[in-house]
Amino acid sequence: MTVQQLAAELSLVSLALPDPQREVEGVYIGDLLSWVMGRAQSGNAWITIMSNLNIVAVATLADVSCIILAEGVTPDEQVKETAASKDINILATDMTAYQVASALSGLGL
Amino acid sequence: MNEAVRFHFVVDGEDFTSAGQASVQVKKNLRRLGIPPEIIRKISIAMYEGEINMVIHANGGEAEVLVYEDRVEMILTDRGPGIANIEDAMKEGYSTAPDNVRSLGFGAGMGLPNMKRYTDGMKIESVVGEGTTITMTVNLT
Ligand SMILES: Nc1ncnc2c1ncn2[C@@H]1O[C@H](COP(=O)(O)OP(=O)(O)OP(=O)(O)O)[C@@H](O)[C@H]1O
Ligand SMILES: [Mg+2]
């Protein structure tokens with residue numbers, strides 16, 4: 001499934017969607033950045049409540065397919081702009097991390 | 001023939017909101033050199049952890065990346081406080097990160113273990129009060 005399809009299925013808000021056709025493979029949940037660096041896999045959808053600018057660099061280097069901001073957190077405008085220019089997809093939702101993960105599981109991820 | 005391609009970066013110690021720029025640039029440069037994505041991922045994650053450590057723990061430093069035919073070498077040098085007990089610092093979960101950076105998601109104490117995991121060789125040289133040099137090697141073959 002692509003990031004765009006995933007966003008549509010779960011009615012996620014697209015805060016930045018520069019690479020909508022990126023294929024999503026698996027899911028990782030975490031807020032501690034070096035856990036994400038150590039454990040997330042290339043192509044994962046990364047669910048987090050961290051919304052500061054550092055998530056863009058982490059997503060770039062860990063090569064995740066998208067960041068999903070859960071629990072209604074909203075990033076600064078600068079995060080959206082940087083993500084758009086660095087080719088990083090950011091989606092957002094009011095759902096909890098658990099609800100997002102559960103929904104993704106329902107989609108077969 | 002065996003001349004290395006060399007990249008050099010000065011890592012700013014003031015601004016950890018935009019930290020990681022050197023690593024992101026290295027990722028781009030390595031892609032241009034045609035290095036396989038899985039290897040680039042290992043190199044750039046290891047470099048990021050080292051870069052962030054220089055920003056958070058050492059007020060910045062310098063990074064040198066050397067691309068040889070058979071390996072990539074990263075040399076990170078800072079004039080920060082040094083690491084008193086390297087064995088402790090290498091343990092998963094060990095961190096002296098202050099609260100203000102913990103609130104940004106750093107301070108899990110997983111950076112150095114990640115650097116070790118993602119590289120084929122890692123050497124830490126550190127003198128308390130003088131600084132730290134970390135050399136990491138990732139094989140290309
Ligand atoms: N360049 C450095 N200069 C001085 N101390 C360092 C340096 N790099 C690491 N350290 C020390 O080693 C500890 C462990 O580093 P490590 O990267 O594993 O964890 P962290 O940076 O505290 O947290 P995380 O990397 O998970 O965000 C640090 O908390 C710090 O005390
Ligand atoms: Mg660290």
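In this predicted model, ligand 1 is found between chains A and B. Its place there coincides with the largest pocket: that is the space ligand 1 takes up. As for who lines it, helix H2 (37-58) and helix H5 (111-118), both of chain B, are the elements that give two or more residues to the shell around the ligand. Of these, H2(B) gives the most, with four residues.

The shell itself runs to 22 residues around ligand 1. Both chains show up in the list of the closest ones, which reads A:Ser34, B:His57, B:Ser95, B:Thr96 and B:Gly107. Sorted by character, the shell splits into ten nonpolar and ten polar residues, plus two charged ones.

Looking at individual atoms, oxygen atoms of ligand 1 turn up in several polar pairs with chain B. With B:Gly107, the partner is a polar backbone atom, 2.7 Å from an oxygen atom of the ligand. B:His57, by contrast, uses its side chain: a polar atom there sits 2.8 Å from an oxygen atom of ligand 1. B:Gly111 goes back to the backbone, with an N or O atom lying 3.1 Å from a ligand oxygen atom. And how much of the ligand does the protein bury? Taken alone, ligand 1 exposes 600 Å², and 96% of that is buried by the protein.

Technical notes. Residues are numbered from 1 along each chain as its sequence is written. Chains are lettered from A and ligands numbered from 1 in the order in which they are written. This is a predicted model: local features need pLDDT of at least 70, side-chain atom pairs count only at pLDDT 80 or more; totals for chains, interfaces and linings use all residues. Side-chain values use heavy atoms; hydrogens and water are left out. A residue is near a molecule or strand if one of its heavy atoms lies within 4 Å of it. A polar contact is a pair of N or O atoms within 3.5 Å; within protein, one must be able to donate a hydrogen and the other to accept it, and residues adjacent in sequence count only if both atoms are side-chain atoms. Accessible areas come from the Shrake-Rupley method with a 1.4 Å probe; for residues, only the protein chains shown count as cover. On a 1 Å grid over the protein atoms alone, a cavity is a set of points where a 1.4 Å probe fits but cannot get out, and a pocket is an open set with protein on both sides within 12 Å along at least five of seven lines; lining residues have an atom within 4 Å of a point. A molecule sits in a cavity or pocket if more than half of its atoms lie within 2 Å of its grid points. Ala, Val, Leu, Ile, Met, Phe, Trp, Tyr, Cys and Pro count as nonpolar, Asp, Glu, Lys and Arg as charged, and the others, Gly among them, as polar.
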